[in-house]
Amino acid sequence: MGRLKFISGALMGLMLGVVGVANAADSNKPIVIPTHNWSSQVVMAYVIGGIFESMGNNVEYVSADTQAVYESIRNGDVTISHEVWQSTFGKSFYAAMAKGGLIDAGTHAAKTLEEVGVPQWVVDKNLCPGLPDYKALLKCADVFATPDSGGKGRILEGPQSWHGAEYVDRVEALLGDTWVVKFAGSADAIWADHVAAKKEGRATLTFNWTPNFTDADGFVFIEWPPYYLGCRKQDGGDSKCGSPIGWLKKAANYKFPKTHPAAYMAFSRMSFTAGQIGSMAALVDLDKMSHQDAATKWLADNEKVWKSMTGVGM
Ligand code: TMO
């Protein structure tokens, strides 16, 4: 009896010891979270920062270039990226991974598409018959002309830092000289164009993505020839392809799991759906909240969702 008690006591001590080792405390050093130039990403930065803070961690936010951030994660200046969109950032993500220092920290539930298209009402009004097939665009360039397009059909692209020459190459390869690509200064400029075009009853073709707040009213993405790895001119192809139906990943500096094991485990478990990401964007772009206030509201409204990610009831 006494001996059994001794053994079980020793076992208990051993188990507590193991638990103690496994749950090493996170470093006090701040987890550096980047903010970029579209709404869901900024709101999610503060959502994730809020989750880390609830676990006792320190966080810091830095405004970062959307492509260069992967090199910053690789060298440790930035700790994580929480919205790595395959079509726009896959190349920079894998380039940093190949150089060493950036790790794949898992994939969100949401599937993504980053592509040009038209608001639903442009299709409903049949302003360009045959949409969303890209070939329809060959016949109605004039319908999409704007004062700055010289009579050509205009594609309003996102900020140039997102895709560089991708759409310029594609238009040249598939639409020819009757179309021109103009770059928006910000995502807000795209949403302002949608509002103005609707008011004026004119067609507009812009870059957009899903999940986004525009999912609610409907946005019709153009159907181009299918994407395959290497089809873009910048990757050696002829650019006769659209964007992939893509993944949405998370990235981290390779030391993060060691310096902040609890936060890393939570980050690795974080997975947001299209509806959750769309609602983060809508709080800012439709409800006009600040990104921080939107994150505070989102965290309050979705406690069950995020509390389970922190390790409770693993
Ligand atoms: C990276 N983005 C969501 C703007 O396409």
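Student: What makes the pair formed by glutamate 114 and the ligand a polar contact?
Tutor: A polar side-chain atom of glutamate 114 lies 2.8 Å from an oxygen atom of the ligand. A polar contact is a pair of N or O atoms within 3.5 Å (within protein, one must be able to donate a hydrogen and the other to accept it, and residues adjacent in sequence count only if both atoms are side-chain atoms), so the 2.8 Å pair qualifies. This is a predicted model, with residues numbered from 1 along each chain as its sequence is written. Local features need pLDDT of at least 70, side-chain atom pairs count only at pLDDT 80 or more, totals for chains, interfaces and linings use all residues, and side-chain values use heavy atoms, without hydrogens and water.

Student: Which residues are around the ligand?
Tutor: Trp38, Trp85, Thr88, Phe89, Glu114, Trp162, Phe207 and Trp209, where a residue counts as near if one of its heavy atoms lies within 4 Å. The protein covers 100% of the 210 Å² of accessible area that the ligand has on its own (Shrake-Rupley method, 1.4 Å probe).

Student: Why is the pair of tryptophan 38 and tryptophan 162 given its class?
Tutor: Rings of Phe, Tyr and Trp (its six-membered ring) pair if their centres lie within 6.5 Å; planes under 30 degrees apart are stacked, over 60 edge-to-face, the rest tilted. Here the centres are 6.0 Å apart and the planes at 90°, so the pair is edge-to-face. Tryptophan 38 and tryptophan 162 are also linked into a cluster by ring pairs, with Tyr70, Phe89 and Trp247 among the other members.

Student: What makes arginine 170 a charge over a ring?
Tutor: The term requires NZ of Lys or CZ of Arg within 6 Å of the ring centre and within 35 degrees of the ring normal. The charged end of arginine 170 sits over the ring of tryptophan 224, 5.0 Å from its centre. Lysine 250 lies over the face of phenylalanine 267, at 5.6 Å from the ring centre.

Student: How do you know that strand S8 is largely enclosed?
Tutor: Six of the six residues of S8 (residues 205-210) are buried, so the rest of the structure largely encloses S8. Buried means under 20% relative accessible area, exposed over 50%, partly exposed in between (1.4 Å probe, protein chains only).

Student: What makes strand S6 and S8 a pair?
Tutor: Pairing needs at least two bridges found by DSSP. Two bridges join S6 (residues 153-157) to S8, and the strands run parallel. Strand S5 (residues 113-119) pairs with S8 in the antiparallel sense over five bridges.

Technical notes:
Helix = DSSP H or I, 4+ residues; strand = E, 2+ residues; numbered from the N terminus.
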